[in-house]
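Trainee: I would like to go through this model with you and ask, term by term, what justifies each label.

Mentor: Gladly; let us set each value against its definition before drawing a conclusion.

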Amino acid sequence: MTSLKTLATAAAIALLSVAAQAHDYKLGDLTIDHPWTRATPPKAAAAGGFAEIHNSGSEADRLVSASSPAAGRTEIHEMAVTDGVMTMRQLENGLEIPANGTAVLKPGSFHIMFMKLKAPITEGQKVPVTLTFEKAGEITVELAAEKIGAKGMDHGEMDHSKMKHGDHAEHGKD
């Protein structure tokens, strides 16, 4: 019986460890679920940040800005492919989080864009970012850095010469 108790205790500890790694953040009616980024190559100038933002409220909110000490500039971006050409642009009015809905920031779509990285992002690192919402206010979350290439294309390894960047000639430059 003792070994069963030991096994049950080990399983409970493992479950608690997994739950602790899920890292959700709550701000008013908003829940920021599993914010993450990717590790970058040594000389990468840019990286993306991702999460799901759930709004349980009856009114829409809007992610209007983001900032991070890890980057010289941080913006809310949209990436899209039109006629085979990938475009990326800053969302000047931010990203709407619909009432009783979810906004998904993911590779190849809406994301937080970190430009002018001050240092490479390494796997396992926690990258702080302050998110500012129109109604809910500000919250600082930590993005868990996953391996290079995790869940899609890495910003640091993109061929920026084949992209249109709206008003920016290239990421990492003003």
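Trainee: What makes S5 and S6 a pair of strands, and in which sense do they run?

Mentor: Two strands pair if DSSP finds at least two bridges between them, and S5 and S6 are joined by six bridges and run antiparallel, so the pairing criterion is met. Within this pair, Val-81 stands opposite Met-86 in S6, and the hairpin of S5 and S6 has two residues between the strands, where Asp-83 takes a positive phi near 50°. The strands themselves are DSSP runs (E, at least two residues, while helices are H or I, at least four), numbered from the N terminus.

Trainee: Which other strand pairs with S5?

Mentor: S9 does, running antiparallel to S5 with seven bridges between them, and in S9 the bridge partner of Glu-75 is Met-113.

Trainee: On what footing do these readings stand?

Mentor: This is a predicted model, in which local features need pLDDT of at least 70 and side-chain atom pairs count only at pLDDT 80 or more, whereas totals for chains, interfaces and linings use all residues. Residues are numbered from 1 along each chain as its sequence is written, and side-chain values use heavy atoms, with hydrogens and water left out.

Trainee: How confident is the predictor, and where does pLDDT stay under 50?

Mentor: pLDDT is the predictor's confidence in each residue, from 0 to 100; the protein averages 81, and 74% of the residues score at least 70. It stays under 50 over residues 7-21, for which the model has one contact beyond four places in sequence, and also over residues 152-174, for which the model has 56 such contacts. Contact here means heavy atoms within 4.5 Å. Where pLDDT is low, the predicted coordinates should not be read in detail.

Trainee: Why is the pairing of Glu-78 with Arg-89 called a salt bridge?

Mentor: The term requires a side-chain nitrogen of Lys or Arg within 4 Å of a carboxyl oxygen of Asp or Glu, and the closest N and O atoms of Glu-78 and Arg-89 are 2.7 Å apart, so the definition is satisfied. Because Glu-78 lies in strand S5 (residues 71-82) and Arg-89 in strand S6 (residues 85-90), the pair ties together parts that are eleven residues apart in sequence.

Trainee: What makes Glu-78 partly exposed?

Mentor: Buried means under 20% relative accessible area and exposed over 50%, with partly exposed in between (1.4 Å probe, protein chains only). Glu-78 has 22% relative accessibility, so it counts as partly exposed, and Arg-89, at 45%, counts as partly exposed too.

Trainee: How many salt bridges does the structure hold?

Mentor: The structure holds four, including one between Glu-75 and Arg-73 at 3.1 Å, N to O, where both residues are buried. Another is formed by Lys-135 with Glu-59, whose closest N and O atoms are 3.3 Å apart. Lys-135 lies in the loop between S10 and strand S11 (137-146) and Glu-59 in the loop between strand S3 (46-55) and strand S4 (61-67), so this pair ties together parts that are 76 residues apart in sequence. Glu-59, with a relative accessible area of 52%, is exposed, whereas Lys-135, at 48% relative accessibility, counts as partly exposed.

Trainee: How do you know whether Ile-121 is buried or exposed?

Mentor: Its relative accessible area is 2%, so Ile-121 is buried. Ile-121 lies in the loop between strand S9 (110-117) and strand S10 (126-133), and its contacts, leaving aside neighbours within four places in sequence, include Thr-37, Arg-38, Val-127 and Ala-145.

Trainee: What makes a set of residues a nonpolar core, and which residues have the most contacts inside the largest one?

Mentor: A nonpolar core is a set of buried Ala, Val, Leu, Ile, Met, Phe, Trp, Tyr and Cys residues joined through side-chain atoms within 4.5 Å. The largest has 28 residues, and those with the most contacts inside it are Ile-53, Leu-63, Phe-114, Leu-131 and Phe-133. Apart from it lies another core, of six residues, among them Met-79, Met-88, Met-113 and Met-115.
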